[in-house]
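User: I should like to learn how to read the main features of a protein model. Could you please guide me through one?

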Amino acid sequence: STLIDTESIDELAKSAGVGDQVAGVTERAMNGELDFAASLRERVKLLAGLDESHLGEIAARLPLMEGAEHLISTLKMLGYKTAILSGGFNYFGKVLQARLGIDYVFANELVIEGGRLTGDVTEPVVDAARKASLLKELAVKENISLEQTIAVGDGANDLAMLEIAGLGIAYHAKPMVKESAEHSISTLGLDSILYLMGIRDREK
């Protein structure tokens, strides 16, 4: 929910008729009250039997966070590499990748059999530790130091990644994330990150 103004699992849950039940667990997980991986498996089980056509319907109406397109297009123009490291789902990550021109996507894979969700997710789950590990791997792949990386997140499962990045930014984040992150943005669009990066208007 950093790049998009919703939680994809909550949207799937609404389609499956378990919206309120799943949204409550999502909120607790993002606040750091629950183990993320375990809570994700619990929530995905409630989606068992949902027709995969709902994925496409939800993807078609994903609301981008304000400033997302401007941020990504500016970074691309300046030669930055961009990545989605998400506790959400690969299906939606790939849609956003194509829409925005993101370089890398790492997210969770829903298991689908016979055109329906089984209620399972492929292991390993992309949780806090996995996000931090992926950031390190990407830095190595791109031949840069961790100090040259920038991470943006809003939930407890982003904290480990924010802590190891050269610039960690809590964006419209949960209270515990705001308190822990070096930088926090709560009222402006996603492209306000450009100012924290020292990118002036004339460079955009």
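Analyst: The following dialogue takes up the sheet, the salt bridges, the aromatic pair, the nonpolar cores and two single residues.

User: What should I know about the model and its numbering before we begin?

Analyst: This is a predicted model, in which local features need pLDDT of at least 70 and side-chain atom pairs count only at pLDDT 80 or more, whereas totals for chains, interfaces and linings use all residues. Residues are numbered from 1 along each chain as its sequence is written, and side-chain values use heavy atoms, with hydrogens and water left out.

User: How is a sheet read, and which order do the strands 5, 6 and 7 have in the open sheet?

Analyst: Strands of a sheet pair through backbone hydrogen bonds, either parallel or antiparallel. Helices (H or I, at least four residues) and strands (E, at least two) are DSSP runs, numbered from the N terminus. Two strands pair if DSSP finds at least two bridges between them. Here, an open sheet of three strands has the order 5-6-7, and the pairing is parallel. Strand 5 (150-153) and strand 7 (183-185) are at the edges with a single partner strand each, so one side of each has no neighbour in the sheet. From one strand to the next, the twist averages 25° (axes are lines fitted to C-alpha atoms, for helices over the stretch in contact, and angles run from 0 to 180 degrees between N-to-C directions).

User: How many bridges join strand 5 and strand 6?

Analyst: Four bridges join strand 5 to strand 6 (residues 167-171), in the parallel sense. Within this pairing, I150 stands opposite L167 of strand 6.

User: How is a salt bridge recognised, and how many does a search of the whole structure find?

Analyst: A salt bridge is a side-chain nitrogen of Lys or Arg within 4 Å of a carboxyl oxygen of Asp or Glu. The search of the whole structure finds eight salt bridges. One of them joins the side chains of E11 and R61, at 3.9 Å from N to O. This pair links distant parts of the chain, 50 residues apart: E11 belongs to helix 1 (residues 8-16), and R61 to the loop between helix 4 (53-60) and helix 5 (68-77). E11, K14 and R61 are linked in a network of salt bridges.

User: Are E11 and R61 buried or exposed?

Analyst: Buried means under 20% relative accessible area, exposed over 50%, and partly exposed in between (1.4 Å probe, protein chains only). E11 has 13% relative accessibility and counts as buried, while R61, at 49%, is partly exposed.

User: Which parts of the chain does the salt bridge between E123 and R41 tie together?

Analyst: The side chains of E123 and R41 meet at 2.8 Å, N to O. E123 lies in the loop between strand 4 (116-121) and helix 7 (128-141) and R41 in helix 3 (residues 36-45), so this salt bridge ties together parts 82 residues apart in sequence. E123 is partly exposed at 46% relative accessibility, and R41 is partly exposed at 34%.

Helix 3 also holds K45, whose partner D120 is in strand 4, so that pair ties together parts 75 residues apart in sequence. The closest N and O atoms of K45 and D120 are 3.9 Å apart. K45 counts as exposed at 53% relative accessibility, and D120 as partly exposed at 37%.

User: How is an aromatic pair classified, and what is the case here?

Analyst: Rings of Phe, Tyr and Trp (its six-membered ring) pair if their centres lie within 6.5 Å; planes under 30 degrees apart count as stacked, over 60 as edge-to-face and the rest as tilted. The whole structure contains one aromatic pair. The ring centres of Y91 and F92 are 5.5 Å apart and their planes stand at 80°, so the pair is edge-to-face. Y91 is partly exposed at 38% relative accessible area, whereas F92 is buried at 2%.

User: Which residues have the most contacts inside the largest nonpolar core?

Analyst: In soluble globular proteins, nonpolar side chains tend to be buried together. A nonpolar core is a set of buried Ala, Val, Leu, Ile, Met, Phe, Trp, Tyr and Cys residues joined through side-chain atoms within 4.5 Å. The largest one has 45 residues, and L12, F89, F92 and L190 have the most contacts inside it. A second, separate core of 15 residues includes L138, A151, M161 and A181.

User: Where is G115 placed?

Analyst: G115 is in the loop between strand 3 (110-113) and strand 4. Its C-alpha lies 8.9 Å from that of G49, although G115 and G49 are 66 residues apart in sequence.

User: In which helix is S180 found?

Analyst: S180 is found in helix 9 (residues 175-180), and S180 is partly exposed at 45% relative accessibility.
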